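I am opening my notebook on a new protein model today. Here are the sequence and the structure I have been looking through.

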Amino acid sequence: MPEQLAQSVLVRAPKPVARLLLSHGAGAPVQSEFCQFLAQQLANQGIEVWGFNFVYMQKTLTGKRQLPAKMPVLMAELLEQISQMPTDLPLVIAGKSMGGRVATLLAASDLLPEQVKAVIAFGYPFHPPKKDSWRTAHFADLKRPVLVLQGERDPFGSLQELAGKGWPLIDIRWLETGDHDFSPLKKSGFSQQQLIEQASLLSRSFINECILEN
């Protein structure tokens, strides 16, 4: 395992009810504006957010641009990060796009630690845009509940494309006219920040139902 940078606490919550380990999408680090704003909104809902960058992104940030590693490598890196997390709060693993996919793959494997109680994907990449190559085969093996927060017009899996599809442990909640980065159409009357805030509210409700009330 390559040497990992220590996780950072993106945002602390005053009286946290859960801790969320957030990883990034394929092209931008956890320090991105999207992840930073999301972390703040989650903290406003009583969720302490820790973040980390996969090793390839750590190298990219030093000026040595790297492509994402293969999924088994990313899963191993996420597992290593989980092993370093405090255990005083319920733990949710989550990610933007690719990070969410890695989290769901781990949640469908025999490697999943007991301390992980749930998974949240912020914009799940159900398939590459304009390609009929679905990344959902592992959904049948999930061992924890998964919340997917998805823009209605996300090219990686839109409301229209997913109509009629469903998986027992996956709860998909739709963000009105949002794209893969939760940016809505102007005619919706919403802003990207409002959709991210909505995603944080839905995340807290999911944590209440799946963890705190059980």
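Below are my entries, one topic at a time.

**Ground rules**

I am working with a predicted model, where local features need pLDDT of at least 70, side-chain atom pairs count only at pLDDT 80 or more, and totals for chains, interfaces and linings use all residues. Residues are numbered from 1 along each chain as its sequence is written, and side-chain values use heavy atoms, with hydrogens and water left out.

**Entry 1: helix α4**

I started with α4 (98–107). My helices (H or I, at least four residues) and strands (E, at least two) are DSSP runs, numbered from the N terminus. I call a residue buried under 20% relative accessible area, exposed over 50%, and partly exposed in between, with a 1.4 Å probe and protein chains only.

Why is α4 largely enclosed by the rest of the structure? I found that 9 of its 10 residues are buried, so the rest of the structure largely encloses this helix. The buried ones are Met98, Gly99, Gly100, Val102, Ala103, Thr104, Leu105, Leu106 and Ala107. I then looked up what they pack against, and the partners are β2 (18–23), α2 (55–61), α3 (71–83), β4 (91–96), β5 (116–122) and β6 (146–151).

I picked Ala107 in α4 for a closer look. Ala107 has 0% relative accessibility, so it counts as buried. For contacts I use heavy atoms within 4.5 Å. Not counting residues up to four places away in sequence, Ala107 touches Leu112, Val119, Asp141, Leu142, Lys143 and Arg144. I also noted that Ala107 and Ala118 are 11 residues apart along the chain, with 8.3 Å between their C-alpha atoms.

**Entry 2: nonpolar cores**

A nonpolar core, for me, is a set of buried Ala, Val, Leu, Ile, Met, Phe, Trp, Tyr and Cys residues joined through side-chain atoms within 4.5 Å. The largest one has 35 residues, and Leu21, Leu78 and Ile93 have the most contacts inside it. At least two residues of this core come from each of α2, α3, β4, α4, β5, β6 and β7 (170–175). Which element gives the largest share? I was pleased to meet α4 again, with 6 residues.

I followed Leu78 outward. Leaving aside neighbours within four places in sequence, Leu78 is in contact with Leu21, Phe52, Phe54, Ile93, Val102, Ala103 and Leu106. Another core lies apart from this one and has 31 residues, among them Ala13, Leu42, Ile47 and Leu147.

**Entry 3: the largest pocket**

I had to learn the rule here: on a 1 Å grid over the protein atoms alone, a pocket is an open set of points where a 1.4 Å probe fits, with protein on both sides within 12 Å along at least five of seven lines, and lining residues have an atom within 4 Å of a point. Grid points are joined across faces, edges and corners, and the volume is the space filled by probe spheres set on the points.

The largest pocket holds about 310 Å³ of space. I counted 22 lining residues, with Gly25, Ala26, Gly27, Ser97 and Met98 nearest the centre. Two elements, α1 (33–44) and α4 (98–107), give two or more residues to the lining. By class, 11 lining residues are nonpolar, 7 polar and 4 charged. (Ala, Val, Leu, Ile, Met, Phe, Trp, Tyr, Cys and Pro count as nonpolar, Asp, Glu, Lys and Arg as charged, and the others, Gly among them, as polar.)

**Entry 4: two positive phi values**

Most residues other than glycine have a negative phi. Ser97 has a positive phi of about 55° although it is not a glycine. Ser97 sits in the loop between β4 and α4 and is buried, with a relative accessible area of 10%. Lys130 has a positive phi too, near 65°. Lys130 lies in the loop between β5 and β6, and its relative accessible area of 89% makes it exposed.

**Entry 5: Ser23 and the cysteines**

Ser23 is in strand β2 and is buried at 1% relative accessibility. Ser23 and Met98 are 75 residues apart along the chain, yet their C-alpha atoms are separated by 8.4 Å.

How many disulfides does a search of the whole structure find? I got 0, taking a disulfide as a pair of cysteine sulfur atoms within 2.5 Å. Cys35 is buried at 2% relative accessible area, whereas Cys210 is partly exposed at 24%.
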